[in-house]
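Biologist: I'm new to reading protein models, and I'd love a close look at a single residue and its surroundings. Could you walk me through one, starting with the chain as a whole?

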Amino acid sequence: WTPASFIDTNVAEIRERAETKAILEVLDRTGGDREKASKLLKISPRTLRHKLQKYDIRVDRSPNGAPQA
């Protein structure tokens, strides 16, 4: 264990939580529209798709559905 590895781990975890929260909020605002969400997040649809897989976020495309992590 080194201080650098401790900091890297925490930064990675913080980034993951922040990205997940941002993705969930934007998907909720767009009604699950991934195309609109990727534009609002200023990332490509492909990057969004990869992040959805990475963070195990499922998008419910029903009218009342909200994304879930």
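Modeller: Happy to! The accessible surface of the protein chain is about 5200 Å², and carbon and sulfur atoms make up 52% of that surface. Keep in mind as we go that this is a predicted model. The chain has 69 residues, and 23% of them count as buried. You will find three helices and zero strands here, so the pattern along the sequence reads α-α-α, by the way helices and strands are assigned. Among contacts in the chain with a separation of 6 or more, 44% are between residues 24 or more positions apart.

Before our residue, look at helix α2, residues 34–41. Its N-terminal end is capped by D33, which places a side-chain oxygen 3.0 Å from the backbone nitrogen of E35. Just after α2 comes K42, with a positive phi of about 60°.

Now zoom in on K51, which sits in helix α3, residues 45–54. Is K51 buried or exposed? K51 counts as buried, because its relative accessible area is 19% and the cut-off for buried is under 20%. Who are its neighbours? Leaving aside residues up to four places away in sequence, K51 touches E19, I23 and I43. With E19 there is also a polar contact: the side chains of K51 and E19 come to 3.1 Å. To find this spot on your screen, start at α3, pick out K51, and then look for E19, I23 and I43 touching it.

Notes:
Residues are numbered from 1 along each chain as its sequence is written. This is a predicted model: local features need pLDDT of at least 70, side-chain atom pairs count only at pLDDT 80 or more; totals for chains, interfaces and linings use all residues. Side-chain values use heavy atoms; hydrogens and water are left out. Helices (H or I, at least four residues) and strands (E, at least two) are DSSP runs, numbered from the N terminus. Buried means under 20% relative accessible area, exposed over 50%, partly exposed in between (1.4 Å probe, protein chains only). Contact means heavy atoms within 4.5 Å. Accessible areas come from the Shrake-Rupley method with a 1.4 Å probe; for residues, only the protein chains shown count as cover. A polar contact is a pair of N or O atoms within 3.5 Å; within protein, one must be able to donate a hydrogen and the other to accept it, and residues adjacent in sequence count only if both atoms are side-chain atoms.
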